[in-house]
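Me: Please take a close look at a single part of this structure, and then place that part within the whole chain. I am new to the subject, so explain each term as you use it.

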Amino acid sequence: MATTTKPLLSDLVAGMCRVPPNYIRPTSDRPNLHEVESLDGAIPLIDLQGLNGPNRFNIVKEIGLACKSYGFFQVKNHGVSEAVIDNMLRVSREFFHLPESERLKNYCDDPMKTTRLSTSFNVNTENVASWRDYLRLHCHPLEDYMQEWPLNPPSFREDVAEYCKNARGIALRLLEAISESLGLGKEYIDRALGKHGQHMAINYYPPCPQPDLTFGLPGHTDPNVITILLQDEIPGLQVLKDGKWVAVNPIPYTFIVNIGDQIQVLSNDHYKSVLHRAVVNCEQERISIPTFYCPSPDAMIGPAPQLIDVDHPPNYKTFAYSEYYQKFWDRGLTTQTCLDAFKDSRP
Ligand SMILES: O=C(O)CCC(=O)C(=O)O
């Protein structure tokens, strides 16, 4: 048993040659890394060049197909410059390499706090810990949150704010395309999100001495609308496809996009949010940066009326997003999605 009071995993792992018992998953719930498929092209790579031009119809169709068949896709020619991406990854790495005392200024266990550094998933409710530290930031509207963000590294606020603006731009363009692909008209989802919200995690996965025994993050779906993930060059993301875990190997300067639970609700199950997880490795640290685009807490979310008819009754109740978000953090990451708690059970 580890007898340390260090709150962050990164400060605990140096020289460790075994995973502490509280990180070890039961045998029925381990990564089984030898069974994972690693196919390049397993997840569609969509070229966004021309999304706002003559090729829009075809790209929207491609996005719709990817949402329907995979719940995941990658995007290139998305308009975010390499410099913005490089700065975001660099400043994230610099943050996690700061001295412990400097990083800990941001530490907080309360999932409702809008800027906080923490570890695993929710240390207050979980039974088994995950091999991850993370910095969580709310980022829309930027001016409401930026003054809470770390001041060290000195360029942190500037680099991250620039990245957030760019990530929001992609999210809005993709939401229009997804809305259109559902036959809802391009503004439907935008309007359904109220004042909109945007959160971000900077995930830091230290090298792990026994990666077969634990997860960086166990299988889960995302509670938000869509996630735009930036990962560094180290593999770790896996997606469940037809009952098998498939590795999504990094392609530099592309983003990975996945449907979150709120699109599943709004689309009345036309598009499904898909289980994914992060595994760790024994040699290299890994950084991943998901942007969680979401409704504002007061937005009322339910199936779009245009997608309901006698053959397709509403599968979900209408609820405030704040209620869903709270539930997600309270119940922890499980392969059973939080959506079950919001099903419409009318006969
Ligand atoms: O690290 C990854 O690739 C996945 C991260 C993720 O799923 C999350 O932060 O919810």
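**The shell around the ligand and a covered strand**

Reply: By class, the shell around the ligand holds six nonpolar, six polar and one charged residues, where Ala, Val, Leu, Ile, Met, Phe, Trp, Tyr, Cys and Pro count as nonpolar, Asp, Glu, Lys and Arg as charged, and the others, Gly among them, as polar. This is a predicted model, in which local features need pLDDT of at least 70 and side-chain atom pairs count only at pLDDT 80 or more, while totals for chains, interfaces and linings use all residues. Residues are numbered from 1 along each chain as its sequence is written.

The ligand is surrounded by 13 residues, of which Asn203, Leu237, Ala278, Ser288 and Pro290 are the closest; a residue is near a molecule or strand if its C-beta atom, placed from the backbone, lies within 6 Å of it. At least two residues of this shell come from each of β5 (197-205), β7 (226-231), β11 (276-278) and β12 (286-294). Strands (E, at least two residues) and helices (H or I, at least four) are DSSP runs, numbered from the N terminus.

Of these strands, β12 deserves the close look. Nine of its nine residues are buried, meaning that 20 or more other C-beta atoms lie within 10 Å of a residue's own, whereas 12 or fewer would make it exposed and a count in between partly exposed, with C-beta atoms placed from the backbone. Arg286, Ser288, Pro290, Phe292 and Cys294 are buried on one side of β12, and Ile287, Ile289, Thr291 and Tyr293 are buried on the other.

β12 also has paired neighbours, where two strands pair if DSSP finds at least two bridges between them. β5 runs antiparallel to β12 and is joined to it by seven bridges, and His199 has Phe292 of β12 as its bridge partner. β7 is likewise antiparallel to β12, with six bridges joining the two, and here Ile228 is matched with Thr291 of β12.

An unreviewed UniProt entry lists residues 195-295 as "domain: Fe2OG dioxygenase"; UniProt positions are given in the numbering used here, feature names are shortened, and annotations may be inferred rather than shown by experiment. The span 195-295 is 6% helix and 45% strand, and its end C-alpha atoms lie 7 Å apart.

The chain as a whole has eight helices and 14 strands. Of its 347 residues, 41% count as buried, and its C-alpha atoms fill a box of roughly 60 × 45 × 40 Å, taken along the principal axes.
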